[in-house]
Amino acid sequence: MIDIQSLTKTFGTGTGAFTALDDVSVTIASNEFFTLLGPSGCGKTTLLRVIAGFIDPTRGTVALDGEDLLTRPPYARPVNTVFQSYALFPHMTVAQNIAFGLEMLRKPATEIAATVEEMLALVKMTEMADRRTDQISGGQQQRVALARALAPRPRVLLLDEPLSALDFKLRKNMQLELKRLQSETGITFVFVTHDQDEALTMSDRLAVMNEGRIRQIGSPRDIYIHPAERFVADFIGDTNFLQADLLGRTGDVARVRLASGAEIDARAATGMQAAGGQVTVAVRPEHATLETTGDALMTGRIANVVYVGTDTHYHVDLEGGARFIVRRQNTPGQAQDWQEGQEVGVSFPSGVGQVLRD
């Protein structure tokens with residue numbers, strides 16, 4: 001549905017110029033929940049605002065079903081935006097807020113009433129229709145903002161970190177609600193966030209951005225299991241990085257030698273050389289286990305044991321100085337059998353590591 005090609009946005013001129021978007025190209029499918037994920041200042045909100053029409057790009061194209069969007073002003077684009085601040089009218093009721101955009105479009109009164117009723121049911125706010133928006137909770141305000149944006153039936157809904165002001169439990173609930181709304185309405189959602197868990201929970205696909213560029217696009221599972229480069233592996237979830245020597249490569253499998261001397265297979269990154277030189281191997285903490293030192297891939301000493309409810313994280317100082325984290329899921333009645341200061345072995349199955357591009 002949305003086709004973005006070679007999009008660049010530079011603010012300022014001369015030595016003070018700053019490139020917020022650097023030759024960005026991406027295609028977003030119809031009825032897709034697509035997330036732009038990255039740290040602050042990576043360009044994700046700038047890209048969202050270019051699609052909305054609030055910012056003009058320096059160069060590049062943005063098309064919606066083959067039609068150039070950049071020639072249209074924001075109000076003439078079949079696009080709506082939900083902002084972080086919601087921007088509701090506090091003196092109006094929930095129903096009046098939802099109706100406001102339809103009234104500005106001069107829709108018939110009967111159509112407005114029917115649409116408001118439909119949107120209230122969609123976001124489960126029917127019983128609060130007559131309550132003012134300054135008299136409802138933050139999560140309820142977020143639902144009203146969504147209903148107001150969905151009421152004109154845009155073809156694309158842009159969401160700029162709309163859950164960041166909510167508390168943890170409410171944010172988790174609203175993540176599922178957003179995914180439900182997108183599925184039920186069939187509208188393309190483009191969602192901006194810096195929260196990795198949020199992106200993994202809701203997205204059909206996501207684009208990881210850094211320094212104005214898209215570093216990788218894929219499904220949450222693909223990006224988590226097969227990060228293309230070190231930044232992506234480091235930004236998405238917890239990751240251990242091990243230095244290794246590349247011994248050889250056969251197809252998508254690389255043979256590497258760890259600093260401990262152990263040789264293992266790991267998934268090879270696209271474009272990686274066939275053999276020779278040092279590489280970085282990424283291993284997720286949940287893929288590793290602690291054991292006695294005898295047959296382990298690596299050995300070290302437990303520096304910290306961190307209990308986080310669902311899991312326990314073991315921080316191990318490996319021989320040679322590297323820090324490695326092992327995550328183990330907690331089960332009822334499980335004994336705490338590994339202690340701080342204890343010498344341990346660390347192992348993980350051959351093939352779970354990913355050789356990365358820097």
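Colleague: Among contacts in the protein chain between residues at least 6 apart in sequence, what percentage joins residues at least 24 apart?

Modeller: The model discussed here is a predicted one. Among contacts in the protein chain between residues at least 6 apart in sequence, the share that joins residues at least 24 apart comes to 65%.

Colleague: How many helices and strands does the protein chain have, and what percentage of its residues is buried?

Modeller: The secondary structure comprises eight helices and 20 strands. The C-alpha atoms fill a box of roughly 75 × 55 × 40 Å along the principal axes. The chain exposes about 16,900 Å², of which carbon and sulfur atoms supply 49%. Of the 358 residues, the buried ones make up 48%.

Colleague: Which strands stand at the edges of the open sheet that contains β19?

Modeller: This open sheet consists of five strands in the order β15-β19-β16-β17-β18, with antiparallel pairing. Two of these strands have a single partner each, so one side of each is left without a neighbour in the sheet; they are β15 (289-291) and β18 (323-329).

Colleague: By what angle are neighbouring strands of this sheet turned against each other on average?

Modeller: The sheet in question is the open one with the order β15-β19-β16-β17-β18. With direction ignored, its neighbouring strands are turned against each other by an average of 45°.

Colleague: Which residue in β17 is the bridge partner of Arg 301?

Modeller: Strand β16 (residues 298-307) pairs with strand β17 (residues 311-318) in the antiparallel sense, over seven bridges. The bridge partner of Arg 301 in β17 is Asp 317.

Colleague: Is Arg 171 buried or exposed?

Modeller: Arg 171 is found in helix α5 (residues 168-185). Leaving aside neighbours within four places in sequence, Arg 171 is in contact with Leu 163, Leu 166, Asp 195 and Glu 198. Its relative accessibility is 18%, and the limit for a buried residue is under 20%. Arg 171 therefore counts as buried.

Colleague: Where is Arg 131 found, and which residues does it touch?

Modeller: Arg 131 is found in the loop between α3 (109-122) and α4 (138-150). With a relative accessible area of 37%, Arg 131 is partly exposed. Not counting residues up to four places away in sequence, Arg 131 touches Met 92, Thr 93, Val 94 and Ile 136.

Colleague: What distance separates the C-alpha atoms of Arg 131 and Tyr 314?

Modeller: Arg 131 and Tyr 314 are 183 residues apart along the chain. Their C-alpha atoms are separated by 50 Å.

Colleague: How many aromatic pairs are counted, and what is the angle between the planes of Phe 231 and Phe 235?

Modeller: The count comes to six aromatic pairs. Phe 231 and Phe 235 form a stacked pair, with 5.7 Å from centre to centre and an angle between the planes of 15°.

Colleague: Why are Phe 231 and Phe 235 separated by about one helical turn, and which of these residues is buried?

Modeller: The separation is about one helical turn because Phe 231 and Phe 235 are four residues apart in helix α8 (residues 230-235). Phe 231 counts as partly exposed at 23% relative accessibility. The residue with a relative accessible area of 14% is buried, and that residue is Phe 235.

Colleague: Which residues are linked into a cluster by ring pairs, and which arginine lies over the face of Tyr 224?

Modeller: Ring pairs link Phe 33, Phe 189 and Phe 191 into a cluster. Arg 230 lies over the face of Phe 241, at 4.1 Å from the ring centre. Over the face of Tyr 224, at 4.0 Å from the ring centre, lies Arg 284.

Conventions:
Residues numbered from 1 in each chain as written. Predicted model: local features only at pLDDT ≥ 70, side-chain atom pairs only at ≥ 80, totals over all residues. Heavy atoms only, no water. Helix = DSSP H or I, 4+ residues; strand = E, 2+ residues; numbered from the N terminus. Buried < 20%, exposed > 50% of the residue type's maximum accessible area, 1.4 Å probe, protein only. Contact = heavy atoms within 4.5 Å. Phe/Tyr/Trp six-rings, centres within 6.5 Å; stacked < 30°, edge-to-face > 60°. Lys NZ or Arg CZ within 6 Å of the ring centre and 35° of its normal. Pairing = 2+ DSSP bridges. Axes fitted to C-alpha atoms, helices over the stretch in contact; angles between N-to-C directions. Areas by Shrake-Rupley, 256 points an atom, 1.4 Å probe, with all protein chains shown as cover.
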